[in-house]
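Trainee: I am new to this structure and would like a close look at a single part. Could you walk me through how the helices pack against one another?

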Amino acid sequence: MPIMRALGPGSLSSFLKAVLDLVRLLLLVALTVLAAGLLYGVLAAFNPDMPLADRVHFAGLDRIQAWTVALTRMLTVTLFVAGVLVIVSRLSEVFATLKAGDPFHPDNVIRLRVVAGSLAALELVRYAAWTFSAILPTQVSPEGPELSISAWFSILVVIVLAEVFREGARLRREAELTI
């Protein structure tokens, strides 16, 4: 049974790039829907005559407080989807260089740093969302966010990989200059 190649056309990298491109498209659609819903929600919060404006209810909250809770949750989901979109887009660009057989392209270093920063930002947004929801006047008191060791470990791994790619790009430049 032949082993699939990791790099180049027709490789595992090609397959993963295609999957990431499909996921990116789905995330763009989701982000568009979420952004439109968020905009509609902001308008509906201030205009009770809009359709569905009276559909947001939380026990013990008036209409504006209920919309504040709903919009905060929608904003959190929108930020999460946007962060995942940035990660998927950058990984797709990395896999495009792998598909082309050029893993140590200098731009991959920046792309991986953006992925690490986006992963960290998603974790921080999760903590911020919990903090904000804890001060909102709802009857539901949210449990505190647990420190995700695996998320922070993944961030550190991506940072190290970015440095590995940086060193690979440097070695490639040196090799090109000596030839």
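Mentor: Happily; what follows goes through the helix packing, pair by pair.

This is a predicted model, in which local features need pLDDT of at least 70 and side-chain atom pairs count only at pLDDT 80 or more, while totals for chains, interfaces and linings use all residues. Residues are numbered from 1 along each chain as its sequence is written, and side-chain values use heavy atoms, with hydrogens and water left out.

Let us start with helix H1, residues 12-46. Helices here are DSSP runs (H or I, at least four residues) numbered from the N terminus. H1 packs on H2 at an angle of about 160°, their axes 8 Å apart; axes are lines fitted to C-alpha atoms over the stretch in contact, and angles run from 0 to 180 degrees between N-to-C directions. That makes H1 roughly antiparallel to H2, a label for angles over 145 degrees. The crossing of H1 and H2 is left-handed, meaning that the near helix is turned anticlockwise from the far one by less than a right angle. In the contact of H1 with H2 there are 28 nonpolar, seven polar and five charged residues. Here Ala, Val, Leu, Ile, Met, Phe, Trp, Tyr, Cys and Pro count as nonpolar, Asp, Glu, Lys and Arg as charged, and the others, Gly among them, as polar.

Within H1, Asp21 and Lys17 sit four residues apart, about one turn of the helix. Their side chains form a salt bridge, at 2.7 Å from N to O (a side-chain nitrogen of Lys or Arg within 4 Å of a carboxyl oxygen of Asp or Glu). The structure holds twelve salt bridges.

Next comes H2, residues 63-99. Its 37 residues reach 53 Å from first C-alpha to last, close to the 54 Å expected at 1.5 Å a residue, where the expected span is 1.5 Å times one less than the number of residues. After H2 comes Gly101, with a positive phi near 80°.

H2 also meets H3: their axes come within 9 Å and cross at roughly 165°. That makes H2 roughly antiparallel to H3, and this crossing is left-handed. The contact of H2 with H3 has 15 nonpolar, six polar and three charged residues.

Finally, H3 (residues 107-135) packs on H4 (residues 149-178) at about 165°, with axes 8 Å apart. That makes H3 roughly antiparallel to H4, and their crossing is left-handed. Contact means heavy atoms within 4.5 Å; among the residues making it are Leu112 and Tyr127 of H3 and Trp152 and Phe165 of H4. By class, this contact has 16 nonpolar, one polar and four charged residues.

Terms used:
Helices (H or I, at least four residues) and strands (E, at least two) are DSSP runs, numbered from the N terminus. Angles under 35 degrees count as roughly parallel, over 145 as roughly antiparallel, 65 to 115 as roughly perpendicular and the rest as oblique.
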